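Me: I have a structure open and would like to work through its core, its cavities and its salt bridges. Please reason each answer briefly and end on what was asked for.

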Amino acid sequence: ERPVWESPAIPEKQKIQKKEGKSMDQLVQHQQTINDQLARYGVKFGLYKNGTFQERLFPFDPLPRVITAQEFRTLDEGLVQRVDALNLFLKDVYGDKKIIRDGIVPEDFVFAGSGYLPQCEGFVPSKGVYSHISGIDLVQAKDGSWFILEDNLRIPSGASYPLIARELCRRCSPETFSGNAIVDNRNYAQLLRQTMDAVNTGGINVVFTPGRYNAAYFEHSYLAEKTGAVLAECGDLYVENNKVYLKTVHGGERVGAVYRRISDEYLDPLSFKPESLIGIPGIMDAYRAGNVALLNAPGNGVADDKGIYYFVPKMIKYYLGEEPILHNAPTYLPFYEKDRQYVLEHLETLVVKDVAEAGGYGVVFGRDLTKQQLEEFRTTIRNEPRRFIAQEVIDFLDLPIMDGGEKGPRKADLRAFVLSNGDDTKVWASGLTRFSRNPDSFVVNSSQGGGFKDTWVLSR
């Protein structure tokens, strides 16, 4: 009998996973132990709901997603190509704006987005890198094809979860990893440290967290520990003479790179929201003076706007002179009259996303709406066409999860992590596989109750 985690559309993967099925079964036996240890280590995510901060465990499923070496080579090439083009777009849009002058991306579309920050105009950050850590969300169709769903270039999170899960799995079943051709994923901290070091302007590396009640606080502390950086909050850092310092018992210690895990608008009350109590006054002046590197660069939201996603294949052709290796999901932009008409006529078969939302919020499946709701939504789209994108619903691959002791299929995506340091761009040979715990849902986000898996990239 074929193991249930095999995909009948991918015969090469079937052979590999038959061989490794016994090892996976060993992980299944340790599922509760691994989840108990994740809880003990505080591997949680937090969210604000109805004005209250809630902290939840992020459920781990022991059956991994398996990506063959051949599949990963394609993903690697396509993701490097995409992130390189997005970095070039960011440099251009805050500089010469050639892509706008040449009519590839509409001017009013770019500058109408909330992610564009005029405070970042005319400045090129250290090594010319804007998106140092990119989280690119993909899904795999049932025929094996991969599609990009979303680009996350601001403060993408999630790398810590597969890192610590793999570490715990290795403890519970070391023979699983010694006996199979699985690429070791423990180099993420090294890649991140190399990225910080490469753009560092002189001083120590800092992971800047908004604090204990941030949704990804576990990740902030975990990555600081693994990279040897200092975990700091706003009260630990200050700016003097356009340089950033860490407070110590011996006085100020110069900071050269800040991996900031705080949104742009709260980063510096002197440049953005004056009411921010979690930012560092003056850090943008230090950044613009070239005295500190900020990872990721402020203003990246102009490139990961869900509407700008529509134009990324054109960016690849424009900046690199290449055809995209990985493709967007079929997407329509109601901003354009032709696309708007198509969306209005086919709304019941499409998924519509609010470009200002994230975390699985603002996603509407037309098939779930009543006739009256469809008409009301059409009116909203007509009145606010810049606010939405619409996509064909991809019936993406089901992956098995353990549900009450039985295996069952669930929709799953993959967040790939791509690191850029100005000298090269590298894709981490792992990633965060998120799955829906609801058998009828396509939404996999942790904030919507999803769980996560390890992602095995095979070395052969």
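**Core, cavity and salt bridges**

Me: Leaving aside neighbours within four places in sequence, which residues is Leu 138 in contact with?

Reply: This is a predicted model. With neighbours within four places in sequence left aside, the contacts of Leu 138 include Trp 146, Phe 147, Ile 148 and Leu 149. The rest of the list is Leu 75, Leu 79, Leu 326, Asp 413, Leu 414 and Ala 416.

Me: Which helix gives the most to the largest nonpolar core?

Reply: The largest nonpolar core has 72 residues, and those with the most contacts inside it are Leu 79, Tyr 94, Leu 138 and Val 255. In soluble globular proteins, nonpolar side chains tend to be buried together. The element that gives the most to this core, with 10 residues, is helix H3, residues 69-93.

Me: How many residues are in the other core, the one with Ile 133 and Met 196 among them?

Reply: That core lies apart from the largest nonpolar core. Leu 419 and Leu 432 are also among its residues. The count is 44 residues.

Me: What is the volume of the second largest cavity?

Reply: A search of the whole structure finds five cavities of 30 Å³ or more. The second largest cavity has a volume of about 60 Å³.

Me: How do the lining residues of the second largest cavity divide into nonpolar, polar and charged?

Reply: The lining includes Leu 75, Leu 79, Leu 138, Leu 414 and Ala 416, and Leu 138 is in contact with the other four of these names, Leu 75, Leu 79, Leu 414 and Ala 416. Also in the lining are Ile 67, Phe 72, Val 427, Trp 428, Ser 430 and Val 457. The division is 10 nonpolar, one polar and no charged.

Me: Which element gives the most to the lining of the second largest cavity?

Reply: H3 and strand S18 (406-420) each supply at least two residues of this lining. The most, three residues, comes from H3.

Me: Why does the salt bridge between Asp 151 and Arg 82 tie together separate parts of the sequence, and how many residues apart are they?

Reply: The closest N and O atoms of Asp 151 and Arg 82 are 2.7 Å apart. Both residues are buried. Asp 151 lies in strand S5 (residues 146-152) and Arg 82 in helix H3, so the pair joins parts whose separation in sequence is 69 residues.

Me: Which helix holds both Asp 197 and Arg 193?

Reply: The side chains of Asp 197 and Arg 193 meet in a salt bridge, 3.1 Å from N to O. Asp 197 is partly exposed at 38% relative accessibility, and Arg 193 is partly exposed at 35%. They are four residues apart, about one turn of the helix, and that helix is H8, residues 188-199.

Me: Is Lys 411 buried or exposed?

Reply: Lys 411 forms a salt bridge with Asp 398, with the closest N and O atoms 3.4 Å apart. Lys 411 lies in strand S18 and Asp 398 in strand S17 (residues 398-403), so the pair ties together parts 13 residues apart in sequence. Asp 398 is partly exposed at 29% relative accessibility. Because the cut-off for buried is under 20%, Lys 411, at 8%, counts as buried.

Me: Which residues does Lys 353 touch, not counting those up to four places away in sequence?

Reply: Lys 353 is found in strand S14, residues 350-354. Lys 353 is buried, with a relative accessible area of 10%. The residues touched are Leu 149, Lys 306, Gly 362, Val 363, Arg 387, Phe 388, Ile 389 and Gln 391.

Me: Which peptide bond is cis, with omega near -10°?

Reply: Most peptide bonds are trans. The cis bond leads into Asn 296, a residue in the loop between strand S11 (293-295) and helix H12 (301-304). The bond runs from Leu 295 to Asn 296.

Me: What is the phi of Asn 241?

Reply: Asn 241 lies in the loop between strand S8 (237-240) and strand S9 (243-248). At 68% relative accessibility, Asn 241 counts as exposed. Most residues other than glycine have a negative phi. For Asn 241 the value is positive, near 55°.

Key: Residues are numbered from 1 along each chain as its sequence is written. This is a predicted model: local features need pLDDT of at least 70, side-chain atom pairs count only at pLDDT 80 or more; totals for chains, interfaces and linings use all residues. Side-chain values use heavy atoms; hydrogens and water are left out. A nonpolar core is a set of buried Ala, Val, Leu, Ile, Met, Phe, Trp, Tyr and Cys residues joined through side-chain atoms within 4.5 Å. Buried means under 20% relative accessible area, exposed over 50%, partly exposed in between (1.4 Å probe, protein chains only). Contact means heavy atoms within 4.5 Å. On a 1 Å grid over the protein atoms alone, a cavity is a set of points where a 1.4 Å probe fits but cannot get out, and a pocket is an open set with protein on both sides within 12 Å along at least five of seven lines; lining residues have an atom within 4 Å of a point. Grid points are joined across faces, edges and corners, and a volume is the space filled by probe spheres set on the points. Ala, Val, Leu, Ile, Met, Phe, Trp, Tyr, Cys and Pro count as nonpolar, Asp, Glu, Lys and Arg as charged, and the others, Gly among them, as polar. A salt bridge is a side-chain nitrogen of Lys or Arg within 4 Å of a carboxyl oxygen of Asp or Glu.
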